[in-house]
Amino acid sequence: MLGSSSLAYAATDSEDANLAKIVQILDSLTPLINAAERNQNPSAREQFHYDWLRSDIDNIKIGINQKLANSQTQPRMITPLHGDYLTLTQKPL
């Protein structure tokens, strides 16, 4: 019985370590997102919503960090991800 319990803790530790790495990787995307946004052509027909992308990444990180903190939170409203970051703009005729 003790052996299986320690295996469960080891699996949880490994899972937590991997989740922490995911958060680090998501954090490392910020400078790339900022650089891409600075290089966006403001008059392009398609506009990429970097603010939506940042929001989605933040929501993912919040969920992972709640799991890592082992928080016993109450049920909450889940914010859906945007997922689609392009908007077509109308070009003047």
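Let me start with K61, which is buried, with a relative accessible area of 15%, and let me say at once that we are looking at a predicted model. What does K61 form a salt bridge with? The partner is D58, and the closest N and O atoms of the two side chains are 3.8 Å apart. D58, for its part, is partly exposed, at a relative accessible area of 38%. If you look for the two residues in the structure above, you will find both K61 and D58 in helix α2, three residues apart, which is about one turn of the helix.

That is one salt bridge, and the count for the model comes to five. I will take you through two others, beginning with the pair of R54 and E37, whose side chains meet at 2.4 Å, N to O. Here R54 lies in helix α2 and E37 in helix α1, so this salt bridge ties together parts of the chain that are 17 residues apart in sequence. As for accessibility, R54 is partly exposed, with a relative accessible area of 24%, and E37 also counts as partly exposed, at 34%.

The next salt bridge joins E15 and K67, with 3.4 Å between the closest N and O atoms. This pair links distant parts of the chain, since E15 sits in helix α1, residues 2–38, and K67 in helix α2, with their positions 52 residues apart in sequence. E15 counts as partly exposed, at 38% relative accessibility, and K67 is likewise partly exposed, at 30%.

Now, which residues are linked with K67 in a network of salt bridges? They are E15 and D16, so that three residues, E15, D16 and K67, belong to the network. The place of D16 is in helix α1, and D16 is buried, with a relative accessible area of 16%. Setting aside residues up to four places away in sequence, D16 touches K67 and L68.

Let me move from the charged side chains to the aromatic ones. How many aromatic pairs does the count come to? The count comes to two. In one of them, F48 and Y50 form a tilted pair, with 4.7 Å from centre to centre and 50° between the planes. In the other, the rings of F48 and Y85 have their centres 5.5 Å apart and their planes at 40°; because an angle that is neither under 30 degrees nor over 60 counts as tilted, this pair is tilted as well.

The pair of F48 and Y85 links distant parts of the chain: F48 is in strand β1, residues 46–48, whereas Y85 is in the loop between α2, residues 50–68, and β2, residues 86–88, and the two residues are 37 residues apart. Taken together, F48, Y50 and Y85 form one aromatic cluster. Is each of these rings buried or partly exposed? F48 is partly exposed, with a relative accessible area of 27%, while Y50 is buried at 12% and Y85 is buried at 16%.

My last stop is Q47, the residue just before F48 in the numbering of the chain. Q47 lies in strand β1 and counts as buried, at 14% relative accessibility. With its neighbours within four places in sequence left aside, Q47 is in contact with Q40, N41, P42, Y85, L86, T87 and T89, and I would draw your attention to Y85 in that list, which we have just met as a member of the aromatic cluster. Q47 and L88 are 41 residues apart in sequence, yet 6.3 Å apart in space, C-alpha to C-alpha.

What does the side chain of Q47 reach at 3.0 Å? One answer is the backbone oxygen of A44. The backbone oxygen of N41 also lies 3.0 Å from a polar atom of the Q47 side chain, and a polar contact of 3.3 Å joins the side chains of Q47 and Q40.

To close, here are the places I would ask you to find in the structure above: the network of E15, D16 and K67, the salt bridge of R54 in helix α2 with E37 in helix α1, the aromatic cluster of F48, Y50 and Y85, and Q47 in strand β1.

Note on methods
Predicted model: local features only at pLDDT ≥ 70, side-chain atom pairs only at ≥ 80, totals over all residues. Heavy atoms only, no water. Phe/Tyr/Trp six-rings, centres within 6.5 Å; stacked < 30°, edge-to-face > 60°. Buried < 20%, exposed > 50% of the residue type's maximum accessible area, 1.4 Å probe, protein only. Helix = DSSP H or I, 4+ residues; strand = E, 2+ residues; numbered from the N terminus. Salt bridge = Lys/Arg side-chain N within 4 Å of Asp/Glu carboxyl O. Contact = heavy atoms within 4.5 Å. Polar contact = N/O pair within 3.5 Å; in protein donor to acceptor, adjacent residues only side chain to side chain.
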